[in-house]
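Here's a quick look at one helix and one pocket. Have the fold open as you read.

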Amino acid sequence: MGSSEKRSKDIMSDIPTFSAENLQNNLKVIQNSRTFLSIIAGVLAGIIGFNGLTGFVFYFVVMLITSVGLMAKAGFSADLYFDSWNRVLFDGFLGGLMSFVLFWTFAYDLVHIF
């Protein structure tokens with residue numbers, strides 16, 4: 001085997017390949033996890049009675065913990081399951097904010113106003 005053939009095989013083995021179906025499923029799991037935890041965090045923030053900026057800080061702390069948990073679940077090697085580690089850390093980060101605010105205000109109204 002020539003050296004040029006060997007180098008071309010090494011280059012081909014270094015290119016990551018992804019299954020589109022598996023990648024979509026992994027992204028769906030992240031989206032569902034973030035949405036679920038946004039709802040739970042909103043209810044907790046409402047029950048605890050967070051107001052204003054403290055509620056939003058609570059949301060971002062919960063999303064940070066969620067990102068670390070998802071990275072730990074992926075074995076801190078997101079390149080094996082996702083096309084970019086940014087997908088794990090930031091995908092759906094702001095998407096769950098509306099669910100958080102909805103359940104935060106709902107739980108706060110139920111517990112502290114009524």
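In what follows, Ala, Val, Leu, Ile, Met, Phe, Trp, Tyr, Cys and Pro count as nonpolar, Asp, Glu, Lys and Arg as charged, and the others, Gly among them, as polar. The model is predicted, so local features need pLDDT of at least 70 and side-chain atom pairs pLDDT 80 or more, while totals for chains, interfaces and linings use all residues. Numbering runs from 1 along each chain as its sequence is written, and side-chain values use heavy atoms, without hydrogens or water.

On that footing, the lining of the largest pocket splits into seven nonpolar residues, one polar and one charged. A pocket here is an open set of points on a 1 Å grid where a 1.4 Å probe fits, with protein on both sides within 12 Å along at least five of seven lines; lining residues have an atom within 4 Å of a point. Volume is the space filled by probe spheres set on the points, which are joined across faces, edges and corners.

| Largest pocket | Value |
|---|---|
| Volume | about 170 Å³ |
| Lining | N26, V29, I30, L70, K73, A74, Y81, F82 and V88 |
| Top contributor | α2, three residues |

Now for α5, residues 97-113 (helices are DSSP runs of H or I, at least four residues, numbered from the N terminus). F100, W104 and A107 are buried there (under 20% relative accessible area, 1.4 Å probe, protein chains only). They sit on the same side of α5, because they cover an arc of only 80° (from directions between helix axis and C-beta atoms). The face turned away carries M98, L102 and I113, which are exposed (over 50%). Cover for the buried residues includes α2 and α3 (contact: heavy atoms within 4.5 Å).

Definitions and conventions: Helix = DSSP H or I, 4+ residues; strand = E, 2+ residues; numbered from the N terminus. Expected span 1.5 Å × (residues − 1).
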